[in-house]
Amino acid sequence: MGREENSFYVVCRSEEKLSNLPPNLEDMKSFNDCLASCDLDDLKTTGLDYSWTNNQNAESSVWSRIDRILVNSCWLDTYSTSFAALLASGVSDHSPVLVTIFEDVKHTMRFSFLNC
């Protein structure tokens, strides 16, 4: 019996792929349905628009955002200022992703008035 692999190498939205070929709409729907059923969302991202390239010549090149940080509402409630940065790729055809977490810290500042 063969092993069935369930992997998603697809984009969520059409604008996340730059190529001569359009994204597969059925795969996109399946991926988005999976994210919705698991109650997952993309973490806010900065940096590059695309996280993967096939490193081909201009006519056959594909750029897409298939690497993402998925979080749930509990994460967003706890780390509301966190974000992911897509960095420039090095040796790999995938961009490294750096997640920064800043916990919301409430500082109370005391106001003092000196009457001289």
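**View A. Arg-68 and its salt bridge to Glu-16.** In this predicted model, Arg-68 has a relative accessibility of 14% and therefore counts as buried, the cut-off for that class being under 20%. The side chain of Arg-68 meets that of Glu-16 in a salt bridge, with 2.8 Å from N to O. This pair links distant parts of the chain, since Arg-68 sits in the loop between S5 and S6 whereas Glu-16 belongs to the segment before S1, 52 residues away in sequence. Glu-16 is likewise assigned to the buried class, with a relative accessibility of 5%.

**View B. Arg-65 between Glu-16 and Asp-42.** Glu-16 also forms a salt bridge with Arg-65, in which the closest N and O atoms are 3.5 Å apart. Because Glu-16 lies in the segment before strand S1 (17–18) and Arg-65 in the loop between strand S5 (63–64) and strand S6 (70–71), the pair ties together parts of the chain that are 49 residues apart in sequence. Arg-65 counts as buried, at 10% relative accessibility. Arg-65 forms a salt bridge with Asp-42 as well, and here the closest N and O atoms are 3.7 Å apart. That contact joins strand S2 (residues 41–42), which contains Asp-42, to the loop between S5 and S6, which contains Arg-65, across 23 residues of sequence. Asp-42 counts as partly exposed, at 26% relative accessibility.

**View C. The salt-bridge network as a whole.** Through salt bridges that share partners, Arg-13, Glu-15, Glu-16, Asp-42, Arg-65 and Arg-68 are joined into one network. A search of the whole structure finds 7 salt bridges, among them the pairs Arg-68 with Glu-16, Glu-16 with Arg-65, and Asp-42 with Arg-65.

**View D. Helix H1 and its two faces.** Helix H1, spanning residues 25–37, has 13 residues, and the distance from its first C-alpha to its last is 18 Å, close to the 18 Å expected at 1.5 Å a residue. Within H1, the residues Met-28, Phe-31 and Leu-35 are buried. Viewed down the axis of H1, the buried residues fall within an arc of 70°, so they line one face of the helix. The face of H1 that is turned away from this buried side carries the exposed residues Glu-26, Lys-29, Ala-36 and Ser-37.

**View E. The aromatic pair of Trp-75 and Tyr-79.** The structure holds 1 aromatic pair. It is formed by Trp-75 and Tyr-79, whose rings are tilted, with 4.6 Å from centre to centre and 50° between the planes. Trp-75 is found in helix H2 (residues 73–78) and counts as partly exposed, at 25% relative accessibility. Tyr-79 also counts as partly exposed, with a relative accessibility of 23%. Although Trp-75 and Leu-40 are 35 residues apart in sequence, their C-alpha atoms are 10.0 Å apart in space.

**View F. Asp-39 and Asn-55, two residues with positive phi.** Most residues other than glycine have a negative phi. Asp-39 has a positive phi of about 55° although it is not a glycine; its place is in the loop between H1 and S2. With a relative accessible area of 48%, Asp-39 is partly exposed, a class that ends at 50%. Asn-55, which is not a glycine either, has a positive phi of about 55°, and its place is in the loop between strand S4 (52–53) and S5. At 55% relative accessibility, Asn-55 counts as exposed.

**View G. A nonpolar patch on the surface.** Val-97, Val-99 and Ile-101 form a nonpolar patch on the surface, and together these residues have about 190 Å² of accessible area. Ile-101 has its place in the segment after strand S8 (97–100). With a relative accessible area of 41%, Ile-101 is partly exposed.

Key:
Residues numbered from 1 in each chain as written. Predicted model: local features only at pLDDT ≥ 70, side-chain atom pairs only at ≥ 80, totals over all residues. Heavy atoms only, no water. Phe/Tyr/Trp six-rings, centres within 6.5 Å; stacked < 30°, edge-to-face > 60°. Buried < 20%, exposed > 50% of the residue type's maximum accessible area, 1.4 Å probe, protein only. Patch = residues over 30% accessible without salt bridge, like charges linked within 9 Å, V, L, I, M, F, W, Y side chains within 5 Å. Areas by Shrake-Rupley, 256 points an atom, 1.4 Å probe, with all protein chains shown as cover. Salt bridge = Lys/Arg side-chain N within 4 Å of Asp/Glu carboxyl O. Helix = DSSP H or I, 4+ residues; strand = E, 2+ residues; numbered from the N terminus. Expected span 1.5 Å × (residues − 1). Arc of directions from axis to C-beta.
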